[in-house]
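Q: Could you zoom in on one part of this model and take your time over it? I'd like to know what sits around it, and then how a few other spots compare with the chain as a whole.

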Amino acid sequence: MLLDFYEKYINSKVEVDGDYVVFHLAAPKVYFLNIIAQGSSWGAILDSKAAMGLGLWDGKADGWWKFHDWKKEDSPLYTKEIGSGPYELVEWNRAEQKVTLKAFTEYWRGLAKVENVVIWGVDKWSTKKALLEKGEADIIYVPYEHIPEIQNDLDLKIINNLSTLSITAMAFNWNISQDSPYIGSGKLDGNGIPVDFFSDKNVILGFIYSFKYSKLIDSVLGGNGKIIPTCLPQGVLGYSDTLHKPAYYYNTAIRYFKDAFNGDLWERGFKITILYNVNNFSRQKVAEILAESLKNINSKFEIKVKEVDWPTFLDARNNGKMPLYVLGWLADYPDPNNFIYTFYHSNGTYGYYYGEKYTQFANKSQAFFDGKSLNEIIIDATEESTINFREDIYIKIQKFVISEGINVPLYQPLKNKVFREWLKGFEFNPIVPGDDFYKYEKIE
């Protein structure tokens, strides 16, 4: 049976035809070449001889299953690297979050100008700042709120307002776990919320119109963000500034809240807890802005903001215990499917965690889509090869999710780049989140 599976689903899908590699996809996917070209883990291509030499596979059809879906710690690639790029791995010190690279002398494009590279994960801002000021770090990530501390240093180059293919959104759980410690009484009695609280469209729309987006961008992000209509960033096919963008409307929020749960919500109020992960300043402020705004709309609306570590945050999300949460998404490949499917299909990376009631909604026939469901129309968009038609489908999907208030994009981040003046060769590419060290050189 395992051999039959190999022949039918693995070996037959990729063929070599002369100088060409032919992929047989299970269904049309117009973004497939974007995935291959991106070079991320989705489309990484390894040298077969090198892979077999490390024990990643023995090359035999009857043993493929032994090498499938390893835990990362069990894979030979956890301690070894296979590549053909300008740098080779010297050391990966996981305890110190430090990766050391050196220029690969046989790189086909020639030797890199920067011979040694150290990538070091330093969590504490004061430590990162000190390394930069001493000249011991050439590049560091600087959170928005700390830019004023370094902007007068003449030895630094600071580039602002760089667009990103990413978004930060607020998502709602339509089926909160019964044992969640974040929903108070678990009832609509003024001391908590029921587990299906956010399956009421009026509740979500009330939250959406309660949030002060401009305050977040101007006061918290220092202008380093822009408001967008849906969870599809500007710069990707299907984005349109003509779509309705979320905004704070006091009276509209009140109207939706008064319609929620047949008026009971407005009369009784609610209490919930919103989590944010440690040291995430912007997510903390999102929760605080929302809590303050809801309290001003109705004094019976109470939100407690709680800081937790990252594993606790993820565990609460993955187990359906968080009523709502703020998370970001960075493009894996430059195609609208990477955002629309992720956030709005019920099997998407985020859509999956909206709960069973959302799955039912996403599979429901909709007159807006001529009888098709939201899930179906999202898949249709991946199979359409004509760009104009594809764009029309994505715009229609966005009009629908805006009207239904499925979730809300808080902002599309604008990033900065901070490095020493002696480092030359920076080129910005929004689909590449890291640095192309091969293009750098140090001129002191």
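A: Charges to start with: the protein chain carries 49 positive and 57 negative side chains, and the centres of these two sets lie 5 Å apart. Keep in mind that this is a predicted model. The accessible surface of the chain comes to about 23,600 Å², and carbon and sulfur atoms own 49% of that. As for secondary structure, you're looking at 14 helices and 15 strands.

The overall dimensions help before we zoom in. The C-alpha atoms fill a box of roughly 70 × 65 × 45 Å along the principal axes. A compact globule of 444 residues would have a radius of gyration near 22 Å, and the 25 Å of the protein chain agrees with that. Buried residues make up 43% of the 444. Take the contacts between residues at least 6 apart in sequence, and 65% of them join residues at least 24 apart.

Now for the close look, and my pick is helix α6, residues 213-220. Which of its residues are buried? Tyr213, Leu216, Ile217 and Val220 are. These four lie on the same side of α6, because they cover an arc of only 110° around the axis. The spacing is the familiar one: an α-helix has 3.6 residues a turn, so residues three or four places apart point the same way. Flip to the face turned away from that buried side and you find Asp218 and Ser219, which are exposed.

So what's covering the buried side? The cover includes helices α5 (201-210) and α9 (281-297), along with strands β9 (225-226) and β13 (408-420). Then, just after α6, Gly222 takes a positive phi of about 60°.

From there, β9 is a handy stepping stone: Pro229 sits in the loop between β9 and α7. Pro229 is buried, with a relative accessible area of 5%. Leave aside its neighbours within four places in sequence, and Pro229 is in contact with Tyr239, Ser240, Leu243, His244, Lys245 and Pro246, plus Ile402 and Pro409. Pro409 falls within the range of β13 (408-420), one of the elements covering α6. If you want a long reach across the model, Pro229 and Trp65 are 164 residues apart in sequence and 44 Å apart in space, C-alpha to C-alpha.

The other end of β13 is worth a glance through Asp155, found in the loop between β6 (139-140) and β7. Not counting residues up to four places away in sequence, Asp155 touches Phe419, Arg420 and Glu421. Asp155 counts as partly exposed, at 45% relative accessibility. Its C-alpha atom is separated by 9.9 Å from that of Leu132, 23 residues away along the chain. In β7 itself (residues 156-163) you'll find Asn161, which has a positive phi of about 60° although it isn't a glycine. Phe261 is another non-glycine with a positive phi, about 50°, and its place is the loop between α7 (250-259) and α8 (264-268).

Farther along the sequence, helix α14 (residues 387-404) holds Ile397. Ile397 counts as buried, at 0% relative accessibility. Beyond its neighbours within four places in sequence, its contacts are Ile340, Phe369, Leu374, Ile377 and Ile378. Ile397 and Asn251 are 146 residues apart in sequence, with 27 Å between their C-alpha atoms.

Helix α13 (residues 374-383) is where Asn375 has its place. Asn375 is buried too, with a relative accessible area of 5%. Setting aside neighbours within four places in sequence, Asn375 is in contact with Tyr344, His345, Ser346, Ala362 and Asn363.

One last stop, and it's a nice link across the sequence. Pro28 lies in the loop between β2 (20-23) and α2 (32-38), and it is partly exposed, with a relative accessible area of 49%. Once neighbours within four places in sequence are left aside, Pro28 is in contact with Thr382 and Glu383. Pro28 and Glu383 are 355 residues apart in sequence, yet 5.0 Å apart in space, C-alpha to C-alpha.

Definitions and conventions
Residues numbered from 1 in each chain as written. Predicted model: local features only at pLDDT ≥ 70, side-chain atom pairs only at ≥ 80, totals over all residues. Heavy atoms only, no water. Buried < 20%, exposed > 50% of the residue type's maximum accessible area, 1.4 Å probe, protein only. Helix = DSSP H or I, 4+ residues; strand = E, 2+ residues; numbered from the N terminus. Arc of directions from axis to C-beta. Contact = heavy atoms within 4.5 Å. Rg over C-alpha atoms; globule rule 2.2 N^0.38 Å. Areas by Shrake-Rupley, 256 points an atom, 1.4 Å probe, with all protein chains shown as cover. Lys, Arg positive; Asp, Glu negative; His and termini not counted. Charge placed at Lys NZ, Arg CZ, Asp CG, Glu CD.
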